[in-house]
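The following explanation proceeds from the bound molecules to the sheet behind them. Please keep the sequence and the model in view while reading.

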Amino acid sequence: MVMLLTGGAGYIGSHTALVLLEAGYEVVVYDNLSNASRESLRRVERLTGRTLTFIEADIRDTARLQKALTDHAVDAVIHFAGLKAVGESTEKPLAYYENNVGGTLSLCEAMTAAGVHTLVFSSSATVYAASDDMPLAETAPTGRPTNPYGSSKLMIEWILRDLQAAQPDWSIAILRYFNPAGAHDSGEIGEDPNGIPNNLLPYVSQVAIGRLPQLSVYGSDYPTPDGTGVRDYIHVMDLAEGHLKAADAIWGQPGVYTWNLGAGTGHSVLDAVRAFERVSGREVPYRIVDRRPGDLAQCWANPQKAETDLNWRCRRSLDDIMADAWRWQSQNPEGYGRD
Ligand code: NAD
Ligand code: WQD
């Protein structure tokens, strides 16, 4: 079976490429390298002992994408490509809508033209309405996201549902990720953010390695056990395995399926810092600062539907996430380098 991964050179895509190659799939990665390095895929090939096809191109180039789907006799697409920096999206809304929404429209057009009707989409827990009622099941109401990034994910979910209603032979999985973190346990591939990280885990790792002086903890007055924000951190390898299970489950089963991919447990910022310090043996200096605008007090998943339908659940712990994030960071203090 041939899988095309848009954005497959990025953080989650590269780990998913590895899992798919190990499971015997043929993999075509289609990525414009706007937020990734070709080196991630070289390492995936080295780790698996298999080769993949890499196409450096943009998903908004519909003709190029259609040609890639046809030339490589692609069976299904996993759609990771997009811009993901929440703060940047409020400064550049048009770039986010154009890349994420426009890029997805282009992908759907190319898939229609090429006769490929199986799609797995990277959505996000950010589509849920703010709620005090945790954990979040897929039936929880979606909201009005507080930033264009989140809105783009919700818009894409609507577009995919409308597409499948109009063309019922499509099989579409919408995967709502919680907080992906960690790295492959070899320490060879991992998250390599451009510039100063926005997300907690890469920030903590860069403080531990000495690239950044100190972590700012955004608020300690939330209504949570220790006052800091609570999130559902999911190991990126568990997440990658979820894609394989979802793609298998929807193959030949037309419809739209929505699954939460989360661990089902909430951890506070200070829990995460302490776990990182414990497994790395490094101190992570931090100070408490004001809340970050737009942040929720708490967010964690009810992952029962994925367990029932896909026979999938997270197998790796918070300590595994921290140990693997640290192995990646300490073996690659400067990330991949952008070559
Ligand atoms: P990433 O930035 O590492 O990967 C995205 C990849 O898409 C990059 O390799 C980038 O070069 C590529 N890309 C971007 N625009 C493109 C375009 N127009 N054409 C071709 N390639 C393009 O991000 P990630 O963390 O691996 O996220 C993957 C997907 O999962 C994204 O859609 C993201 O929104 C979603 N997601 C991520 C998180 C998270 O916290 N990391 C959480 C929920 C959902
Ligand atoms: C986690 C916790 C922060 C950084 C974001 C997106 C979401 C999804 C995942 C894509 C929060 C705290 C963080 C720091 C801190 N992405 N924190 N100091 O905000 O849950 O989710 O990434 O879909 O859409 O919004 O993740 O890692 O930024 O924050 O105290 O320097 O860590 O306040 O409680 P978040 P995060």
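Which residues come nearest among those around ligand 2? They are Tyr149, Leu200, Ser216, Arg231 and Asp295, out of 18 residues around ligand 2, a residue being near when one of its heavy atoms lies within 4 Å. The model is a predicted one, in which local features need pLDDT of at least 70 and side-chain atom pairs count only at pLDDT 80 or more, while totals for chains, interfaces and linings use all residues. Residues are numbered from 1 along each chain as its sequence is written, chains are lettered from A and ligands numbered from 1 in the order in which they are written, and side-chain values use heavy atoms, with hydrogens and water left out.

Polar contacts (pairs of N or O atoms within 3.5 Å) link ligand 2 to several side chains. A polar side-chain atom of Tyr149 is 2.6 Å from an oxygen atom of ligand 2, and the corresponding distances are 2.8 Å for Arg292 and 2.9 Å for Ser124. On its own, ligand 2 has 680 Å² of accessible area, of which the protein covers 87%; such areas come from the Shrake-Rupley method with a 1.4 Å probe. Strand 8 (residues 215-218) gives the largest share of this shell, four residues. Helices (H or I, at least four residues) and strands (E, at least two) are DSSP runs, numbered from the N terminus.

Tyr149 is also among the residues nearest to ligand 1, together with Ile12, Asp31, Asn35 and Phe80, from a shell of 27. Its side chain places a polar atom 2.6 Å from an oxygen atom of ligand 1. For Lys153, a polar side-chain atom lies 2.8 Å from an oxygen atom of ligand 1, whereas Ile12 uses a backbone N or O atom at 2.8 Å. The protein buries 96% of the 820 Å² that ligand 1 exposes when taken alone. Strand 5 supplies the largest share of the shell around ligand 1, three residues.

Strand 5 leads to the sheet. This open sheet has seven strands in the order 3-2-1-4-5-6-11, with parallel pairing; two strands pair if DSSP finds at least two bridges between them. Its edges are strand 3 (53-56) and strand 11 (255-261). Strand 5 (residues 118-124) and strand 6 (residues 171-177) are joined by seven bridges, and Thr118 stands opposite Ser171. Helix 6 (residues 148-166) packs on the sheet, touching strand 5, strand 6 and strand 11, where contact means heavy atoms within 4.5 Å.

Methods
Polar contact = N/O pair within 3.5 Å; in protein donor to acceptor, adjacent residues only side chain to side chain. Axes fitted to C-alpha atoms, helices over the stretch in contact; angles between N-to-C directions.
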